[in-house]
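Q: Please take a close look at strand pairing in this model, and then set that part beside whatever else can be described with care. I would like one connected account that I can follow with the coordinates open.

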Amino acid sequence: MFRIATLFSLIILMNSCTRPKAAHNEAVAHDVHSYGNPAEARVTHVSLDLRVVFEQRTIEGSVVLSVEHLSPKTKQLILDSRSLQIDETEISNDGKTYAETHFEAGPADRILGAPLKVDIKPDTQFVRIRYSTSPSSAAALQWLDPEQTAGKEHPFLYTQGEAILTRSWIPLQDSPAVRVTWDARVKTPAGLKAVMSAPNCMDTNDCHFVMDHPVPSYLIALAVGDLKFQATGPRTGVWAEPSVVAKAANEFSDTEKMIEAAEKLYGPYRWGRYDLLILPPSFPFGGMENPCLTFATPTVLAGDKSLVSLVAHELAHSWSGNLVTNATWSDFWLNEGFTVYIERRIVEELYGRNREEMEAVLGYQDLQDELKANPVRDQILNINLDGRDPDEGMTQIPYEKGALFLTEVEEKFGRAKLDAYLKGYFDHFAFQSITTKQSLDYMRTHLFAQDPAAAAKIPVNEWVYQPGLPATAPKPASQAFAAVDREIDAWLTGKPIETANWSTQEWLHFLRGLPEHLSAAQMKRLDSQFQLTQATNNEILAQWLLMAVRNHYAPANLRLEEFLTTVGRRKYVKPLYAAMDPKQARAIYEKARPMYHPVTQSTIDQMLAGRKESK
Ligand SMILES: [Zn+2]
């Protein structure tokens, strides 16, 4: 049976995704994070021919951009670029003969990079650019030495495009409102395998990647390393380093069932395959929903499927985010709030209501913490990011507040109505990028109009345009956690407690529920009773290390340093550095920084620099 599944999936791997109707949103939303001029000349297809050179830490080659003219007077195609070396630009009206054309790079902005203006003619159909990426400051790329990989023998490269980093490895109109189809040839050193956010092939060195669905630029992704594939279902599988692939396939064996659960709720999965790429531990995020191939942190390989809600989340993006995309980064909650809501529905379908409730409560706790930590301007779903790095909007607020808004809609309208609405919404806006206003207008017309009395109970404007939470906001509850709360009380009075059947979520609730300041004796008792410094589940370990830092529990120091110098997932490392005293933080960060992706480096650099100034 397994053999058959493997062969079957190999055949499917060769097929590309089915071609959709070329649907795109004609009215281009104004995006303050792109220099591009898509309202005049718009890139519709990106064709890459690249070579990955590990010795120089550079990607070099060319890109051919297909151009659609929307204004007859346009004399320039304006692109985004960041730290790229541009060698030559050419134009063509047939894709065969090219003539050199003038280009001009504007001044570079710290956040946005530099505009790249290429002269075009009224009949220009294609623009070809020869270029290479910066060996030292290509913000999307992380080049790993062999020692930073699981196998320790081969180097590794991966890209992270969201939010506005694709421009550091491809010159293009880097806005989520500009959707493109794309294809790529990527040459890699012998023995190393390139995979991309498209249907992948099994050949080691000569794959032609084709994404024929129009996607936003942040979803173009590449990874190169010593990678092996193992199928987990007819449409699903994992790519990972050889020593990791079996463990990952085991952990994620429910992925096919997750797709079926999501399809039952929200309509067909439209991307063909759904594979997971397990990256080295420096990956800055839990997962990145690159189409056909989610990039994932290895920190969720817990051995007991307790952290697979991450896969439910990334898979949910196949509907909210990848199919219907935020038009600008101020609309990010449309991607993430909808996705967290769908993630929890998938978790409930597969693992039951009890697990869903626990995860919703943990999410609610995260939201409360974020609301306390962020100024009012950053508590708004439709956040204003003018003049700011879109990364600054990527707190838990668009995720958890956005999901809570949909939970309230579910409460007032009932599941059946909301499910039918969402299915229609994904169908209507499929392969389009939309703004908050478009999304809410559609909700008012196609859901709220059905039951004005129910709609009147939902303070939509307060949810979306005001800070904090409306008074009507649902408050998730979990019976299992109520039992844990009783055990917290018992433990604090020194009584024995029953933890034998606790899930990861119950452990997290227990640790989070203890007082922030514990005595040295209490910390020691916790550690000796539950071996927390030796915890192998990364969620539990990260929570424990945070408590250890806050309470100056020295026996965990070695483990803390080991964790921070191997794991680069921002969700874990940021709160740890924030809680440490500046001297300890800088001492560990100095050793750890070289193994972090630029995304995590930038966050921690700014945080530690800010603390220095305030001293
Ligand atoms: Zn997400």
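A: Two strands are taken to pair if DSSP finds at least two bridges between them. In this predicted model, that criterion gives an open sheet of 5 strands, in the order 15-16-17-19-18 and with mixed pairing. Its edge strands are strand 15 (228-231) and strand 18 (287-288), each of which pairs on one side only. Within the sheet, strand 16 (residues 236-240) and strand 17 (residues 274-278) run parallel and are joined by 4 bridges, and one residue pair to look for is valine 238, whose bridge partner in strand 17 is leucine 276.

An open sheet of 7 strands has the order 5-4-8-2-1-11-13, again with mixed pairing. Here the edges are strand 5 (99-100) and strand 13 (208-216), each paired on one side only. Strand 2 (residues 58-69) pairs with strand 8 (residues 126-132) in the antiparallel sense, over 7 bridges, and glycine 61 stands opposite tyrosine 131 of strand 8. Glutamine 125 lies in the loop between strand 7 (114-119) and strand 8; its C-alpha atom is 5.8 Å from that of serine 66, although the two residues are 59 apart along the chain. Because its relative accessibility is 35%, glutamine 125 counts as partly exposed.

Away from the sheets, the zinc ion has as its protein donors His313 (NE2), His317 (NE2) and two OE atoms of Glu336, at 2.0 to 2.7 Å. Along the chain these donors follow the spacing H-x3-H-x18-E. Histidine 313 in helix 4 (residues 309-316) and glutamate 336 in helix 5 (residues 332-351) are 23 residues apart, a pair that links distant parts of the chain, and both residues are buried. The 4 donor atoms subtend angles of 54 to 152° around the zinc ion, so the arrangement is irregular; to count as tetrahedral, four donors would need all angles between 85 and 135 degrees.

Helix 5 also enters the description of the internal space. A search of the whole structure finds 2 cavities of 30 Å³ or more, the largest with a volume of about 50 Å³. Of the 13 residues that line this largest cavity, Ile380, Leu381, Ile383, Gly393 and Pro398 are the closest to its centre. Helix 5 and helix 7 (396-413) each supply at least two residues of that lining, which divides into 8 nonpolar, 3 polar and 2 charged residues.

For open space, the second largest pocket has a volume of about 710 Å³. Its lining comprises 30 residues, and those nearest its centre are Pro280, Pro281, Pro298, Thr566 and Val567. At least two lining residues come from each of helix 15 (538-550), helix 16 (557-564) and helix 18 (582-592), and helix 16 gives the most, with 3 residues. By class, the lining of this second largest pocket has 15 nonpolar, 8 polar and 7 charged residues.

Methods
Residues are numbered from 1 along each chain as its sequence is written. This is a predicted model: local features need pLDDT of at least 70, side-chain atom pairs count only at pLDDT 80 or more; totals for chains, interfaces and linings use all residues. Side-chain values use heavy atoms; hydrogens and water are left out. Donors are N, O and S atoms within 2.8 Å of the metal (3.2 Å for Na, K and Ca); water is not among the atoms, so sites may look incomplete. Four donors count as tetrahedral if all angles lie between 85 and 135 degrees; four count as square planar and six as octahedral if opposite donors are over 155 degrees apart and all others between 65 and 115; anything else is irregular. Buried means under 20% relative accessible area, exposed over 50%, partly exposed in between (1.4 Å probe, protein chains only). On a 1 Å grid over the protein atoms alone, a cavity is a set of points where a 1.4 Å probe fits but cannot get out, and a pocket is an open set with protein on both sides within 12 Å along at least five of seven lines; lining residues have an atom within 4 Å of a point. Grid points are joined across faces, edges and corners, and a volume is the space filled by probe spheres set on the points. Ala, Val, Leu, Ile, Met, Phe, Trp, Tyr, Cys and Pro count as nonpolar, Asp, Glu, Lys and Arg as charged, and the others, Gly among them, as polar.
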